[in-house]
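Here is a short briefing to read alongside the sequence and the model. Please keep the viewer open as you go through the points.

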Amino acid sequence: KVYPNPITSGALYIQSNVTGKDDYQLQLLNLSGQIIKATRFRPLAQMQYMISIEDEIPDGEYIISIKGSAFVQSEKIVLAR
C-alpha cells in the first residue's frame, strides 16, 4: 500500500504486506518515464517505510514503481504541497 495520495507533505509511506529475501527497488518517475528519485529497501511484512520527497521535486503527477524479484507494482501519485 502506498499512501497518502495526494501527497501533501514531504513524505510518502509504503505499508509492506510481504517479507522479501532481496532488496526491492523503488522509483519515482515523471510521466515521461524519467527517474526522479530511486532507493532500495528490504520489505518486512506489516512494516511501514517512509520515503522523503525533497522540496526540489515540483508538484505534479508521478508514477511510483516498486520492483522485487517476483513482485511489481506501479501506481500514479499526485504531489500537491
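**Ser16 and its surroundings**

Ser16 is buried, at a relative accessible area of 5%. Please bear in mind that the model is a predicted one. From Ser16 we can move on to the sheet, the nonpolar core, one strand residue and the salt bridges.

- Ser16 sits in the loop that runs between β2 and β3.
- A polar atom of the Ser16 side chain comes to 3.4 Å from the backbone oxygen of Leu44.
- Beyond its neighbours within four places in sequence, Ser16 is in contact with Pro43, Leu44, Ala45, Gln46, Met47 and Tyr49. One of these contacts, Tyr49, belongs to the covered face of strand β5.

**The open sheet**

- Three strands make up an open sheet, in the order β1-β2-β5, with antiparallel pairing. The edges are taken by β1 (2–3) and β5; each has a single partner strand, so one side of each has no neighbour in the sheet.
- In general, the strands of a sheet pair through backbone hydrogen bonds, in either a parallel or an antiparallel way.
- Between strand β2 (residues 11–15) and β5 there are 5 bridges, in the antiparallel sense.
- Two places help you to follow this pairing by eye: Ala11 is opposite Ser52 in β5, and Leu12 has Ile51 as its bridge partner in β5.
- Which residues of strand β5 (residues 48–52) are on its covered face, and which on its uncovered one? Tyr49 and Ile51 are on the covered face, while Gln48, Met50 and Ser52 are on the uncovered face.

**The nonpolar core**

- The largest nonpolar core counts 17 residues, and Leu12, Ile14 and Ile77 have the most contacts inside it. Two or more residues of this core come from each of β2, β3 (24–30), β5, β6 and β7 (71–79).
- As a general tendency, nonpolar side chains in soluble globular proteins are buried together.
- Leu12 is a good residue to centre the view on. Neighbours within four places in sequence aside, Leu12 is in contact with Val2, Tyr3, Pro4, Ile7, Tyr49, Met50, Ile51, Ile53, Ile64 and Ile77.
- Among those contacts of Leu12 are Tyr49 and Ile51, the two residues of the covered face of β5. Another of them is Ile77, itself listed with Leu12 and Ile14 for the most contacts inside the core.

**Ile63 in strand β6**

- Ile63 is part of strand β6 (residues 60–68).
- Is Ile63 buried, partly exposed or exposed? Ile63 counts as partly exposed because its relative accessibility is 25%, and the partly exposed class starts where buried ends, at 20%.
- The C-alpha atoms of Ile63 and Leu28 are 5.8 Å apart in space, although the two residues are 35 residues apart in sequence.
- With neighbours within four places in sequence left aside, the contacts of Ile63 are Gln27, Leu28, Leu29, Leu31, Ser74, Glu75 and Lys76.

**Salt bridges**

- How many salt bridges are counted in the model? The count comes to 5 salt bridges, and three of interest are described here.
- Lys37 and Glu54 form a salt bridge, with 2.9 Å between their closest N and O atoms. Because Lys37 lies in strand β4 (residues 35–41) and Glu54 in the loop between β5 and β6, this pair ties together parts 17 residues apart in sequence. Lys37 counts as buried at 16% relative accessibility, whereas Glu54 counts as partly exposed at 30%.
- Asp55 and Arg81 form another salt bridge, the closest N and O atoms being 3.6 Å apart. Asp55 is in the loop between β5 and β6 and Arg81 in the segment after β7, so the pair ties together parts that are 26 residues apart in sequence. Asp55 is exposed, at a relative accessible area of 68%, and Arg81 counts as partly exposed at 35%.
- A network of salt bridges links Asp55, Asp59 and Arg81.
- Lys76 and Glu61 form a salt bridge too, with their closest N and O atoms 3.6 Å apart. As Lys76 lies in strand β7 and Glu61 in strand β6, the pair ties together parts 15 residues apart in sequence. Lys76 is partly exposed, with a relative accessible area of 46%, and Glu61 counts as partly exposed at 39%. Lys76 is also among the contacts of Ile63.

Conventions
Residues are numbered from 1 along each chain as its sequence is written. This is a predicted model: local features need pLDDT of at least 70, side-chain atom pairs count only at pLDDT 80 or more; totals for chains, interfaces and linings use all residues. Side-chain values use heavy atoms; hydrogens and water are left out. Buried means under 20% relative accessible area, exposed over 50%, partly exposed in between (1.4 Å probe, protein chains only). Helices (H or I, at least four residues) and strands (E, at least two) are DSSP runs, numbered from the N terminus. Two strands pair if DSSP finds at least two bridges between them. Contact means heavy atoms within 4.5 Å. A nonpolar core is a set of buried Ala, Val, Leu, Ile, Met, Phe, Trp, Tyr and Cys residues joined through side-chain atoms within 4.5 Å. A polar contact is a pair of N or O atoms within 3.5 Å; within protein, one must be able to donate a hydrogen and the other to accept it, and residues adjacent in sequence count only if both atoms are side-chain atoms. A salt bridge is a side-chain nitrogen of Lys or Arg within 4 Å of a carboxyl oxygen of Asp or Glu.
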